[in-house]
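The following exercises concern side-chain pairing and strand arrangement. Please work through each task with the sequence and the model at hand before reading its solution.

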Amino acid sequence: MSPTTTMDFEKHFSAEAKRRVPPTLRKLVAEFAGKEGIVSMHAGIPPNTAFPFKSFKATLLDGTEVEISEPKKVFASQQYATESFGYGPLMTWIADHVKKMHNPPYPHEHLLTNGSNHLIEMALAMLLEQGDPILCEEYTYSNILESTLMPKGYDTIPIPIDGAGIVPEAMREVGGLSIREPLLAQRGRCYHLG
């Protein structure tokens with residue numbers, strides 16, 4: 001089954017997300033990375049002679065040994081990824097794994113982050129402007145509140161919860177918060193983080 005219509009997600013993007021473009025230097029670096037005879041003069045990508053490892057070997061819990069000794073792979077494992085969308089071999093493996101294990105019924109892409117906080121912050125930056133309202137369970141993970149929501153200036157609206165999750169009656173009362181009604185109407189959107 002494939003979708004019959006294409007959704008326009010850009011109308012939901014924040015001003016920051018709309019301004020973002022792929023960095024030109026990264027594209028240039030990726031094009032010439034690892035080619036023989038090229039001396040990199042830009043900042044941030046050390047030469048392969050700067051890396052101390054010749055090979056990697058690990059033993060898994062089941063006793064299987066994994067070794068990386070091919071020079072190009074050893075170098076790549078120590079170097080910054082120059083691809084804009086993640087380390088190519090890993091992204092290919094993820095795509096193959098998802099297709100094999102889950103067989104999604106429509107085309108999709110993958111995003112690999114360094115953890116859930118990173119992913120949440122990226123999604124919020126893509127969708128919200130400073131001052132935008134976001135519904136939060138009253139006992140929201142404090143790290144997200146303190147490291148992302150508060151510094152970014154989002155208007156956090158606490159929603160009461162009970163043993164079964166968000167209290168439905170409390171959701172109905174959100175519209176009754178007169179100080180926030182104009183903001184909700186003006187923005188035309190409100191997000192829930194829970």
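**Exercise 1.** Determine which side chain meets that of Arg 20 in a salt bridge, and classify the accessibility of both partners.

*Solution.* Step 1: a salt bridge requires a side-chain nitrogen of Lys or Arg within 4 Å of a carboxyl oxygen of Asp or Glu. The side chain of Arg 20 meets that of Glu 16, with an N to O distance of 2.7 Å. Step 2: the accessibility classes are buried (under 20% relative accessible area), exposed (over 50%) and partly exposed (in between), computed with a 1.4 Å probe on protein chains only. Arg 20 is exposed at 61%, whereas Glu 16 is partly exposed at 26%.

This is a predicted model, in which local features need pLDDT of at least 70 and side-chain atom pairs count only at pLDDT 80 or more, while totals for chains, interfaces and linings use all residues. Residues are numbered from 1 along each chain as its sequence is written, and side-chain values use heavy atoms, with hydrogens and water left out.

**Exercise 2.** State how many salt bridges the rule yields, and describe the one that involves Lys 152.

*Solution.* Step 1: the count is three salt bridges. Step 2: Lys 152 pairs with Glu 121 at 3.8 Å, N to O. Step 3: this pair links distant parts of the chain, since Lys 152 lies in helix 6 and Glu 121 in helix 5 (residues 116-127), 31 residues apart. Helices here are DSSP runs of H or I with at least four residues, strands are runs of E with at least two, and both are numbered from the N terminus. Step 4: Lys 152 is partly exposed at 30%, and Glu 121 is partly exposed at 32%.

**Exercise 3.** Describe how strand 1 and strand 2 are joined, and find the salt bridge of Glu 65.

*Solution.* Step 1: strands pair if DSSP finds at least two bridges between them. Four bridges join strand 1 (residues 56-59) to strand 2 (residues 65-68), and the two run antiparallel. Step 2: Phe 56 stands opposite Ile 68. Step 3: the strands form a hairpin with five residues between them, and Gly 63 in the turn has a positive phi of about 95°. Step 4: Glu 65 meets Lys 57 in a salt bridge of 3.5 Å, N to O; Glu 65 is exposed at 51%, and Lys 57 is exposed at 58%.

**Exercise 4.** Identify which side chains of strand 4 (residues 155-159) are buried.

*Solution.* Step 1: the side chains alternate along the strand. Step 2: Asp 155, Ile 157 and Ile 159 point to one face and are buried, whereas Thr 156 and Pro 158 point to the other and are not.
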